[in-house]
Amino acid sequence: MSKTIVALDFSNKEEVIKFLEQFDKPIYVKIGMELTYACGLDIVKTIKEMGHQIFLDLKLHDIPNTVKGGMKNLAKLGVDMTNVHCSGGITMMKAAVEGLKEGAKDGQRPLCIGVTQLTSTSQKAMNDELGISGSVIDCVIHYAKNAKEAGLDGVVCSVHEAKAIHEACGEDFLTVTPGIRLASDSVDDQKRVATPQLAKEEGCDYIVVGRSITKAENPKMVFDQIETIMEG
Ligand code: C5P
């Protein structure tokens, strides 16, 4: 199974289909709010019918009852992975898992992953803007422990936190890491970035790669290079 999840941050269906047609076999893709809000949830069905595995990244964060209802409906789409914000709290995260179980097709619920701190959040922004004191790593580990207590399957974090999360929550607890950049890439809006090589060394279970692949001159070639590192 692929360890590289390609973030399909496109704004129209034609563009995303054209992009996916470059790949000769099914890959693991992430459908986020940009594509969903442009095309509606029908895009999930279209991409699933092409054979790809899907991480539906809508980062739910609301009162527990609303999250439960939302997740019940998302589970019916038959996606492989979806997520919530850990900052919604343990009761909300538990409700997310309940909703996924209720809506799951054939009793097989999608994986539920908690977003700890966005990889675009710096230490300074977390302290000064979000009003969370202490270090990013302490906050991320605290959120990961909450996610585990709530029954989630893992968390979204940066590469730099993956090892500590595995130590705190166990090797089976999944770490899904965006903020991936090749050494030659620009960082863009991301702050806590790392290369695929470091992600591999730190034991990340999945890496999420967007612009490094989607904006490359030859996306398939960059994807294959990254996969070779991750599988190596
Ligand atoms: O283009 P880039 O590789 O920076 O894209 C990263 C993707 O991962 C985006 O779709 C973004 O929404 C998502 N993401 C993130 N940080 C998180 C959670 C999700 O960058 N903590």
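This dialogue works through the ligand site and several individual residues of a predicted model.

Student: Where should one begin with the ligand, and which of the residues around the ligand come nearest?

Tutor: A residue is taken to be near a molecule if one of its heavy atoms lies within 4 Å of it. In this model there are 17 residues around the ligand, and D9, K30, T119, G210 and R211 come nearest.

Student: Which side chains place an N or O atom close to an oxygen atom of the ligand, within the limit for a polar contact?

Tutor: The limit for such a pair of N or O atoms is 3.5 Å. For D9, an N or O atom of the side chain is 2.7 Å from an oxygen atom of the ligand. R181 has a polar side-chain atom 2.8 Å from a ligand oxygen, and the side chain of Q190 likewise has an N or O atom 2.8 Å from an oxygen atom of the ligand.

Student: How much of the ligand does the protein bury?

Tutor: The idea is to take the area of the ligand alone and ask what share the protein covers. Taken alone, the ligand exposes 470 Å², and the protein buries 88% of that.

Student: What kind of space does the ligand take, and which elements give two or more residues to the shell around the ligand?

Tutor: The ligand takes up the space of the largest pocket. Two or more residues of the shell come from each of the strands β3 (53-60) and β8 (206-209).

Student: How many nonpolar, polar and charged residues does the shell have?

Tutor: Sorted by class, the shell holds seven nonpolar residues, four polar residues and six charged residues.

Student: K30 was named among the nearest residues. Where does K30 lie, and is K30 buried or exposed?

Tutor: K30 belongs to strand β2, which covers residues 28-31. The cut-off for a buried residue is under 20% relative accessible area. With a value of 9%, K30 is therefore buried. The side chain of K30 is also joined to that of D57 by a polar contact of 2.5 Å.

Student: How is the backbone angle phi to be read at K59 and D188?

Tutor: The point to look for is a positive phi in a residue other than glycine. K59, in strand β3, is not a glycine, yet its phi is positive, at about 45°. The relative accessible area of K59 is 22%, so K59 is partly exposed. D188 has a phi near 55° and is placed in the loop between β7 (174-177) and α9. At 42% relative accessibility, D188 too counts as partly exposed.

Student: Which class of exposure applies to I5, P196 and I229?

Tutor: Each value is compared with the cut-offs: under 20% is buried, over 50% is exposed, and partly exposed lies in between. I5, in strand β1 (residues 4-7), has 0% relative accessibility and therefore counts as buried. P196, in helix α9 (residues 196-201), has 3% and so counts as buried. I229, in helix α11 (residues 219-231), has 29% and so counts as partly exposed.

Student: How far apart are these residues from chosen partners, along the chain and in space?

Tutor: The two separations are read side by side, with C-alpha atoms giving the distance in space. I5 and D189 are 184 residues apart in sequence, and their C-alpha atoms are 19 Å apart. For P196 and A168, the separation is 28 residues in sequence and 23 Å in space. I229 and H142 are 87 residues apart along the chain, with 30 Å between their C-alpha atoms.

Notes
Residues numbered from 1 in each chain as written. Predicted model: local features only at pLDDT ≥ 70, side-chain atom pairs only at ≥ 80, totals over all residues. Heavy atoms only, no water. Polar contact = N/O pair within 3.5 Å; in protein donor to acceptor, adjacent residues only side chain to side chain. Areas by Shrake-Rupley, 256 points an atom, 1.4 Å probe, with all protein chains shown as cover. 1 Å grid on protein atoms, 1.4 Å probe; cavity = no way out; pocket = protein on both sides within 12 Å on 5 of 7 lines; lining within 4 Å. Sits in = over half its atoms within 2 Å of the grid points. Helix = DSSP H or I, 4+ residues; strand = E, 2+ residues; numbered from the N terminus. Nonpolar A, V, L, I, M, F, W, Y, C, P; charged D, E, K, R; others polar. Buried < 20%, exposed > 50% of the residue type's maximum accessible area, 1.4 Å probe, protein only.
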